[in-house]
Amino acid sequence: MDEERTAIQLENIEKVFNMSRTAAGHADRAVRRGSVVAVRALKGVSLSVKEGELLGITGPSGSGKSTLLHILGCLLKPTSGRYTLMGRPVESLNEYQLAALRNRNFGFVFQAFNLLPRLSALDNVQLPLVYNATPPWRRREMAREALEQVGLSQRAHHRPGELSGGEQQRVAIARALVANPSVILADEPTGNLDSESGKSVLETLLALNEKGKTVIIVTHEQAIVERMPRIVKLRDGLVTA
Amino acid sequence: MRPFDGVRIGVRSLTASWLRSLLSILGVVIGVGTLVVMISIGEGTKRQIVRSVEAMGSNLVVIENSMTAPLRRRETTGLSLRDVELLKEHCHLAKAVVPLKMLPVKVSYGGMTRLLVGQGTAAELPRVANLNVVEGRFLCQKDVDEFAKVCVLGAGVPKRLGVRESLVNKFLALNGQGFRVVGILKKKDYTKFINPDICVFIPVTVCQEMSENRESLSDILVQGVSSHLVHRTKQELSRLMKFFHKGSVDFTLWAQDELLERQKKVTETLQKALGAIALIALIIAGIGIMNVLLASVSERIREIGIRKAVGASPWDVLIQFVWESLLLTVTGGILGIGVGVAAGNWICRILTVHLPQAEHKWIAVTSPQSVVVSFGFALVTGVFFGLYPAVKAARLDPCEALAYE
């Protein structure tokens with residue numbers, strides 16, 4: 001059955017950051033090597049995510065949640081371990097292959113929205129399509145559809161500065177789904193929103209999951225955790241539950 | 001990413017900080033403009049030289065007073081009227097021998113005074129230098145022999161003196177001495193030795209009297225009997241001149257083709273010097289572009305992170321910044337060509353008015369090559385200086401870029 005197919009498989013993933021001493025916050029996880037400190041953000045994480053699954057990743061600040069999400073989204077390469085996406089090993093891919101993979105397979109929703117302030121909502125949503133050679137007329141069409149899905153078709157020509165936080169985050173969600181990726185990765189999507197807007201954004205993400213998208217949400221908000229059918233808890237770079 | 005998207009994103013980014021972009025474009029305009037001016041004036045000068053030397057006829061040999069000749073001795077006076085007489089008598093290959101003595105003169109008429117070029121010469125000059133009299137007559141042998149205070153004006157002289165009516169038989173002052181105008185020349189742009197349009201021709205004997213260095217002539221023009229024998233004529237002249245000057249080589253002989261070659265070399269050297277200045281200007285413009293793009297990269301680190309997160313490859317990011325650099329240089333290049341063409345013509349007009357002593361009229365010729373070369377240099381500069389910021393942007397780590405505050 002389709003639901004049972006594995007979308008993402010992580011095996012013993014480790015991530016070490018080499019940082020200057022002043023930048024390294026958590027001394028207990030740091031191994032000092034001269035003036036550079038090696039920080040082990042992930043210490044062997046194994047995880048499997050099925051296609052169409054809704055997964056919550058939670059844990060205290062500095063536990064490695066965002067690092068794990070960035071590795072899942074191919075924004076970061078793991079230091080060691082195996083990462084398989086749709087049955088294809090990812091860790092050996094080069095920058096260009098990873099860029100194409102991000103474009104096709106992932107949609108990102110960030111806590112800080114990360115919209116380009118000079119572009120309208122419509123142009124922001126079109127952004128992923130610019131990099132997969134979709135013709136301009138088709139791009140606009142697809143971006144309008146995505147904005148409609150998040151209920152913002154009336155605000156297509158507004159710039160991010162002219163939108164509320166909740167609206168901005170919904171534009172970011174429209175951008176995440178416009179290229180029809182299989183996985184939506186959301187990093188604290190309601191962190192910068194009031195409870196009403198947060199609720200609306202969460203509902204939008206849950207609705208996308210119901211339509212078959214794999215949705216992975218990093219959060220430490222209890223209200224979101226309670227809505228997640230499956231939770232992965234991280235502490236000090238390790239999966240604890 | 002499609003090229004159209006690259007241009008669109010580039011335009012949007014450059015217009016967002018328009019003043020900075022404008023200043024950067026200004027640098028390119030100056031660089032390209034200088035290059036166009038340099039090439040077009042050089043080209044114009046070359047064409048003028050070729051045209052005028054060709055117009056003089058190929059049977060002409062010029063004996064030039066060689067002031068810097070190493071063998072010049074104190075007892076020699078350089079070229080003199082005695083040489084002219086001796087050559088007329090002894091050089092059988094010479095059809096005509098004409099003296100030329102240049103003297104800066106203050107010409108005054110009706111309250112207007114202008115500094116122009118006085119040329120002391122003889123009656124044969126119009127025939128040798130292809131000059132035509134449009135009104136009155138040219139100098140005659142009698143004028144030379146009798147030290148007559150008469151003069152013939154170049155076509156442009158009356159205009160410079162602010163006179164519209166005929167000046168023939170009128171009196172004007174040359175360096176404070178009264179001269180009667182006996183003729184006006186037809187307009188002619190250039191000969192190697194003189195720009196007749198802005199010259200005042202007086203008998204060579206009178207010119208010698210007015211000059212501090214009385215004996216010495218500037219040049220002697222020798223018209224050979226045939227253009228086929230021009231080199232033999234030159235050899236003959238050289239032999240005779242050495243003999244007249246007791247072995248002293250205080251003169252230089254030029255045939256038409258050598259003149260052409262020499263003038264071309266001078267022009268080329270000038271062009272190279274100006275070209276170096278233009279290139280320096282372009283390099284400075286390039287540094288300006290690099291500065292703008294580096295600032296742009298620093299300001300847009302987060303944007304680069306977002307673009308990478310949604311699927312932009314390092315190449316997409318690199319090409320986007322190269323597009324921005326190209327947009328700056330293409331805009332600057334197009335404007336620079338326009339400015340260069342206008343400035344070239346303007347500079348030539350100024351030079352022609354304010355440097356009347358110059359041997360020729362200044363013209364700027366904008367050839368397709370000069371446009372292509374200037375524009376090409378601008379593009380190369382843009383790509384070269386835009387590449388470093390572009391590579392810097394392309395190498396940014398997406399996670400670090402996204403976390404950038």
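The buried residues of helix H1 of chain B are B:Asp5, B:Gly6, B:Ile9, B:Gly10, B:Ser13 and B:Leu14. Looking down the axis of H1(B), you would find these buried residues within an arc of 155°, so they line one face of the helix. Turn to the other side of H1(B), and B:Phe4 and B:Thr15 are exposed. The helix covers residues 3-16, which makes 14 residues. From its first C-alpha to its last, H1(B) reaches 20 Å, close to the 20 Å expected at 1.5 Å a residue. Please keep in mind that all of this describes a predicted model.

Now for the chain around that helix. Chain B has 13 helices and ten strands. Of its 405 residues, 49% are buried. Among the contacts in chain B with a separation of 6 or more, 84% are between residues 24 or more positions apart.

Strand E1 of chain B, residues 60-65, is a good place to start on the strands. Five of the six residues of E1(B) are buried, so to speak of it as mostly covered is fair. Strand E9 of chain B, residues 219-224, is mostly covered as well, with five of its six residues buried. Which strands does E1(B) pair with in the antiparallel sense over five bridges? One is E9(B), and another is strand E10 of chain B, residues 251-255. E9(B) also pairs with strand E2 of chain B, residues 94-109, in the antiparallel sense, this time over six bridges.

The table below gives some residue pairs from these strands.

| Strand pair | Bridges | Residues opposite each other |
|---|---|---|
| E1(B) and E9(B) | five | B:Val61 and B:Val222; B:Leu60 and B:Gln223 |
| E1(B) and E10(B) | five | B:Glu64 and B:Thr252 |
| E2(B) and E9(B) | six | B:Leu100 and B:Asp219 |

Next come the nonpolar cores. Which residues touch the most other members of the largest nonpolar core? They are A:Ala174, A:Ile184 and A:Ile216, in a core of 120 residues. Leaving aside its neighbours within four places in sequence, A:Ile184 is in contact with A:Gly107, A:Val109, A:Ala176, A:Leu177, A:Leu205, A:Leu208, A:Lys213 and A:Val215. There is also a second, separate core of 58 residues, and its members include B:Val84, B:Leu125, B:Cys207 and B:Val222. You have already met B:Val222 in E9(B), where B:Val61 stands opposite.

Finally, let us see where the two chains meet. On one side are 20 residues of chain A, in contact with 19 residues of chain B. Two helices of chain A, H2 (95-105) and H3 (121-130), each supply at least two residues of the side of chain A that touches chain B. H2(A) gives the most to that side, with six residues. How many residues on that side of chain A are nonpolar, polar and charged? Twelve are nonpolar, four are polar and four are charged.

Notes: Residues numbered from 1 in each chain as written. Chains lettered and ligands numbered in written order. Predicted model: local features only at pLDDT ≥ 70, side-chain atom pairs only at ≥ 80, totals over all residues. Contact = placed C-beta atoms within 7 Å. Helix = DSSP H or I, 4+ residues; strand = E, 2+ residues; numbered from the N terminus. Nonpolar A, V, L, I, M, F, W, Y, C, P; charged D, E, K, R; others polar. Expected span 1.5 Å × (residues − 1). Buried ≥ 20, exposed ≤ 12 C-beta atoms within 10 Å, placed from the backbone. Arc of directions from axis to C-beta. Core = buried A, V, L, I, M, F, W, Y, C linked by C-beta atoms within 7 Å. Pairing = 2+ DSSP bridges.
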